[in-house]
Amino acid sequence: MSDPFKGIEPMVYQSKINVPYSWWAGDTASKFYITLRDEKIILGTKCETCNKVFLPPRKVCPSCFTENREWVTLADEGTVLSFTVARRRFAAIPNNKKVPVIWGLIKLDGADTAMLHYLDEIKPENVTIGMRVKAVFSEVRQGTIRDISHFKPVQ
Amino acid sequence: MSKRVAIVGTGQTFHKSHRPDVNGQEIINEAVMRALEDADLKIKEIDAIVIGNMDHFEGINYVDCWSVDGSGGMMKPIIKLTTGGTTGCTVAIGGYHLVGSGMFDRVMIIGWEKNSESDTTGAITTAFDPVWDRLVFAGAISGLAAEAQAYMARYGATDRDGARVSVRDRKHATHNPHAHLRKEVSLEDVLASPMLADPIHLLDVCPRSDGACAVIMASEDVAEKICPKPDWIWATATRHSYSYLGDADYGRLTSMREGSQELWKKTGIKEPRKELDVIELYQPYSFGGLIWIEDMGIVGPGEAPQYIWDGNTDMGGELPINPSGGVIATNPIGATGLIRCAEAAMQVMGKAEGRQVPDVNFAFSSGFGGCWWTDMILHGRKKPE
Ligand SMILES: [Zn+2]
């Protein structure tokens, strides 16, 4: 077989796309994050038409298409709906987390939608679907979803 | 087309330089709610959704999925179309195809942008060829400036002629409560504003805006039940011509010439200057308002400056252009082309309030993209035959 690339010098161009972003959270998400940062309270919004409670809080109920005017304080405890364990280090894992890292889909008491967050203070082999967990708030809070450090088992 | 198609409702936000009070989904929702209200429809009555914005502008890839909270796309057929600056007109043409095919009776069409969330030039650069053009590309304005220079050299036009177009659009914008910039300027103001790329001054070009627009299209089977006097789509045309920066005929917009010729042929229009009643032109800079109406065949090559100086395109003139204030006053890019479509529809439906042109029979709206692309729509009061 002849080498199809014989005598060819392929030119390859390395580049990077640099687009800085600043996303406005909007009034609804801002209220959630400010309350989380300043009061360690987790808020949801409630649809007055179908009574569904949303976390993350939505301004409009996507099913009823009416504005969610009511705010609800959610418990800092909830139930694990599903989970997974990362045993290899990869880019999405924050620097201050060591593998194995456990992600859980957690439905807080009072909410109708689950949130994705970290489970910690528990060995991966002890995590079960249906187990009860509680939010641990970060010492330094900056108004992001990681103002909740992780969820730990309810003792 | 197996079904005739009409616009039965429109909605848009009050466009601003930035909207910190809402995220992308929420700004989309404002336009969608207003369009539903205008058509007196419920979201349940919408059969499908077409949505579009600029790639990379908000850094969200699957806008069609991500936006369902705002668009009403929950458990509905939804598709994203994006074609750069022409996106707003492309989503309208895509909606027209969906309804015209007979497969959907009522389609919600959405264009939106939060220009304030990213670096426009950084994002636009990604539209250009990485091996050939990107390393020597200097942003959107430089290409427009090269077009203006070539036109001026060919026909003896001046920067005063360009400035006159900007004065017109900015004056018109004062009558549009939705416009982002609503301040009248003088010729001297335009010419004294900072030079960005010769011959383009700051006041010759569009701003960056946050905003959204929604348009509802319906098939002939239901349109007149929803809206007694809808805006009928007579024809559309699309020309995307560019591969490399140097391919274009600088000083002429070939895509506009070929697209509009198709439009006039499809609809039997012989003299667009006499038969059109109003134009909403996607004109991001003043000189485009000279060059491109020549390519449309409104006037002959080199004749636009005199035609515009004579007041023909002002409100009350023979053929008003951009009663809304156009792109120079408002530019949430992914929405911009759809705002042209919505404004043209409002003119036909008699809903344009303080910027209404009397007795509109035919209106023209267009989209433009930085790579010399053009798409366009002919709107009419009568149902097409
Ligand atoms: Zn609901």
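**View 1. Strand 1 (residues 42–46) of chain A runs antiparallel to strand 2 of chain A, and two bridges join them.** This is a predicted model, so keep that in mind for every view here. Look across the pairing and you'll find A:Lys46 standing opposite A:Val53 in strand 2 of chain A.

**View 2. Zoom out a little and you get an open, antiparallel sheet of three strands in chain A, in the order 2-1-3.** Its edge strands are strand 2 (53–54) and strand 3 (70–74) of chain A, and each of these pairs on one side only. Helix 1 (residues 26–39) of chain A lies across strand 1 and strand 3 of chain A. Its direction makes an angle of about 150° with strand 1 of chain A.

**View 3. Here's one of the 14 aromatic pairs that the structure holds over all chains.** A:Phe32 and A:Tyr33 meet edge-to-face, with 5.1 Å from centre to centre and 85° between the planes. A:Phe32 is buried, at 3% relative accessible area, while A:Tyr33 is partly exposed, at 25%.

**View 4. Over in chain B, B:Trp264 and B:Phe364 make a tilted aromatic pair.** Their ring centres sit 6.0 Å apart, with 45° between the planes. B:Trp264 belongs to helix 10 (residues 254–267) of chain B and B:Phe364 to strand 10 (residues 362–369) of chain B, so this pair ties together parts that are 100 residues apart in sequence. B:Trp264 counts as buried, with 9% relative accessibility, and B:Phe364 is buried too, with a relative accessible area of 0%.

**View 5. Ring pairs can also link up into a cluster, as they do in chain B.** The members are B:Tyr250, B:Tyr282, B:Tyr285, B:Phe287, B:Trp292, B:Phe368 and B:Trp372.

Conventions. Residues are numbered from 1 along each chain as its sequence is written. Chains are lettered from A and ligands numbered from 1 in the order in which they are written. This is a predicted model: local features need pLDDT of at least 70, side-chain atom pairs count only at pLDDT 80 or more; totals for chains, interfaces and linings use all residues. Side-chain values use heavy atoms; hydrogens and water are left out. Two strands pair if DSSP finds at least two bridges between them. Helices (H or I, at least four residues) and strands (E, at least two) are DSSP runs, numbered from the N terminus. Contact means heavy atoms within 4.5 Å. Axes are lines fitted to C-alpha atoms, for helices over the stretch in contact, and angles run from 0 to 180 degrees between N-to-C directions. Rings of Phe, Tyr and Trp (its six-membered ring) pair if their centres lie within 6.5 Å; planes under 30 degrees apart count as stacked, over 60 as edge-to-face and the rest as tilted. Buried means under 20% relative accessible area, exposed over 50%, partly exposed in between (1.4 Å probe, protein chains only).
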